[in-house]
Amino acid sequence: MDHRLTDGRADPDGDGMSNLLEFLAGTDPRDPASNLRLKLEIRSPLAYLSFDGVAGRDYQLEVSSDLGPGSWRPLSNNLRGQGAAISVEDAPQVQSTRFYRVIVVNPP
């Protein structure tokens with residue numbers, strides 16, 4: 001996908017992701033609907049997480065209890081993008097704080 005954008009810090013579609021981040025994620029930097037966003041739904045006792053996986057990209061879903069350095073650990077890895085939604089379930093401990101993030105494992 002060649003979008004011919006030269007400023008990696010710019011965000012021409014206004015979706016909150018820079019051109020560089022969109023390049024790494026494989027999303028379209030000119031389309032605000034094309035972005036890597038993690039969706040979370042809580043239906044106790046489970047947390048359901050999903051995001052749109054781009055074909056040819058591999059992802060890892062990570063979890064942290066405090067956002068501190070070195071606190072992130074894999075929740076699910078080897079998630080292969082197929083151009084459709086990727087879903088993962090988590091069963092957090094009662095009254096535990098959880099933060100989630102998606103990492104693109106094999107950016108170009």
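**How accessible is arginine 98, in relative terms?** At 24% relative accessibility, arginine 98 counts as partly exposed; that label covers values between buried (under 20% relative accessible area) and exposed (over 50%), computed with a 1.4 Å probe and protein chains only. The model shown here is predicted, so local features need pLDDT of at least 70 and side-chain atom pairs count only at pLDDT 80 or more, while totals for chains, interfaces and linings use all residues. Residues are numbered from 1 along each chain as its sequence is written, and side-chain values use heavy atoms, with hydrogens and water left out.

**View 1. The whole chain, to get our bearings.** One helix and six strands make up the secondary structure of the chain, and their order along the sequence is α-β-β-β-β-β-β. Here helices (H or I, at least four residues) and strands (E, at least two) are DSSP runs, numbered from the N terminus. Along the principal axes, the C-alpha atoms fill a box of roughly 45 × 30 × 20 Å. Of the 108 residues, 33% count as buried. If we take contacts (heavy atoms within 4.5 Å) between residues at least 6 apart in sequence, 53% of them join residues at least 24 apart.

**View 2. Arginine 98 with aspartate 90.** These two residues form a salt bridge, and their closest N and O atoms are 2.8 Å apart. The term salt bridge means a side-chain nitrogen of Lys or Arg within 4 Å of a carboxyl oxygen of Asp or Glu. Side chains of opposite charge can pair when their charged atoms come close. Aspartate 90 is the buried partner, at 6% relative accessibility, whereas arginine 98 is partly exposed.

**View 3. Lysine 39 with aspartate 52.** Here the side chains meet in a salt bridge at 3.9 Å, N to O. The pair links distant parts of the chain, with lysine 39 in strand β1 (residues 39–43), aspartate 52 in strand β2 (residues 46–52), and their positions 13 residues apart in the count. Both ends are partly exposed: lysine 39 at 42% relative accessibility and aspartate 52 at 43%.

**View 4. Arginine 9 with aspartate 7.** Take a look at this pair, where a salt bridge joins the two side chains at 3.6 Å, N to O. Arginine 9 is exposed, with a relative accessible area of 74%, while aspartate 7 is partly exposed at 34%. The three pairs in these close-ups are among the six salt bridges that a search of the whole structure finds.
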